[in-house]
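Subject: Structure handover

Hello,

Here is the structure I promised to pass on. Please open it alongside this message.

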Amino acid sequence: MEATIAMGVKGLVLGIPVTKSGNFDDYEKAIEWYVNVLGFELLWKSGIASLKLATGSEILLYGEEDEESSMWYSGNIKQNPHYSIQLETNNIEGLRADLIKSGVSAGEITIGGVGDKVMMFFDPYGNRFWAIEEQ
């Protein structure tokens, strides 16, 4: 079976709410956390921040908006998260140690259904992540 690509779709960039819009101090701290703890490179910042991993994966960090007409509206995402962000690693134990050292409460490392090591954690802004080390 041949894979098809939707016309015009060539990639995906995930946006993550990290603070309320207008909270500039916390926003700057969020950018620093993603750069210093998870290893993203800051590409640009202009109301939102574009960050990229060496692998090419990109994210946008933005402030939550309560106004439903805003493209950055997230509803009550902290009570009802509706996304799953998975990070791949070759050293889940080292990642967990680095996260804890940075003040993050990281879950225990468990073995997933196909034998992969997995761990859940939250960034300092309440966004849920999964880390996986494939076996």
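Below is what was found in it, taken sheet by sheet and then at the pocket.

Please keep in mind that this is a predicted model.

**The sheet of β1 to β4**

Start with the sheet that has the order β1-β4-β3-β2. It is open, has four strands, and its pairing is mixed. Its edges are β1, at residues 14-20, and β2, at residues 41-45. Each of these two pairs on one side only. Neighbouring strands here are turned against each other by 30° on average, with direction ignored.

Inside this sheet, look at β3 (residues 49-52) and β4 (residues 58-64). They run antiparallel, and four bridges join them. To find your place, use Lys 52: Glu 58 in β4 stands opposite.

Now go to Thr 19, which sits in strand β1. Is Thr 19 buried or exposed? Its relative accessibility is 10%. The cut-off for buried is under 20%, so Thr 19 counts as buried. What is Thr 19 in contact with, once neighbours within four places in sequence are left aside? The partners are Asp 26, Tyr 27, Tyr 62, Gly 63 and Glu 64.

**The sheet of β5 to β8**

Another open sheet of four strands has the order β5-β8-β7-β6. Its pairing is mixed too. The edge strands are β5 and β6, and each pairs on one side only. Helix α2, at residues 92-101, packs on this sheet and touches β7 and β8. The helix direction makes about 15° with that of β7.

Here are the pairs, one by one:

- β5 with β8: parallel, over four bridges. Glu 88 stands opposite Ile 132 in β8.
- β7 with β8 (residues 128-133): antiparallel, over six bridges. Met 120 has Trp 130 in β8 as its bridge partner.
- β6 (residues 110-111) with β7 (residues 117-122): antiparallel, over two bridges. Thr 110 has Val 118 in β7 as its bridge partner.

Two hairpins are worth a look. One is made by β6 and β7, with five residues between the strands. There, Gly 115 takes a positive phi near 95°. The other is made by β7 and β8, with five residues between them. In that turn, Gly 126 has a positive phi of about 90°.

**The largest pocket**

Next, the empty space. Rolling a probe the size of a water molecule over the atoms shows where such space is left. The volume of the largest pocket is about 540 Å³.

How many residues line the largest pocket? The count is 21. Nearest its centre lie Phe 40, Leu 53, Gln 86, Leu 87 and Glu 88. Glu 88 is also the residue opposite Ile 132 in the pairing of β5 and β8.

Which strands each supply at least two residues of that lining? They are β1, β4 and β5, the last of these at residues 85-88. The largest share comes from β5, with four residues. By residue type, the lining divides into 14 nonpolar, five polar and two charged.

**Where to begin**

For a quick tour, start at Thr 19 in β1. Then go to Glu 88, one of the residues nearest the centre of the largest pocket. Finish at helix α2, where it touches β7 and β8.

Best wishes

Key: Residues numbered from 1 in each chain as written. Predicted model: local features only at pLDDT ≥ 70, side-chain atom pairs only at ≥ 80, totals over all residues. Heavy atoms only, no water. Pairing = 2+ DSSP bridges. Axes fitted to C-alpha atoms, helices over the stretch in contact; angles between N-to-C directions. 1 Å grid on protein atoms, 1.4 Å probe; cavity = no way out; pocket = protein on both sides within 12 Å on 5 of 7 lines; lining within 4 Å. Points joined across faces, edges and corners; volume = space filled by probe spheres on them. Nonpolar A, V, L, I, M, F, W, Y, C, P; charged D, E, K, R; others polar. Buried < 20%, exposed > 50% of the residue type's maximum accessible area, 1.4 Å probe, protein only. Contact = heavy atoms within 4.5 Å.
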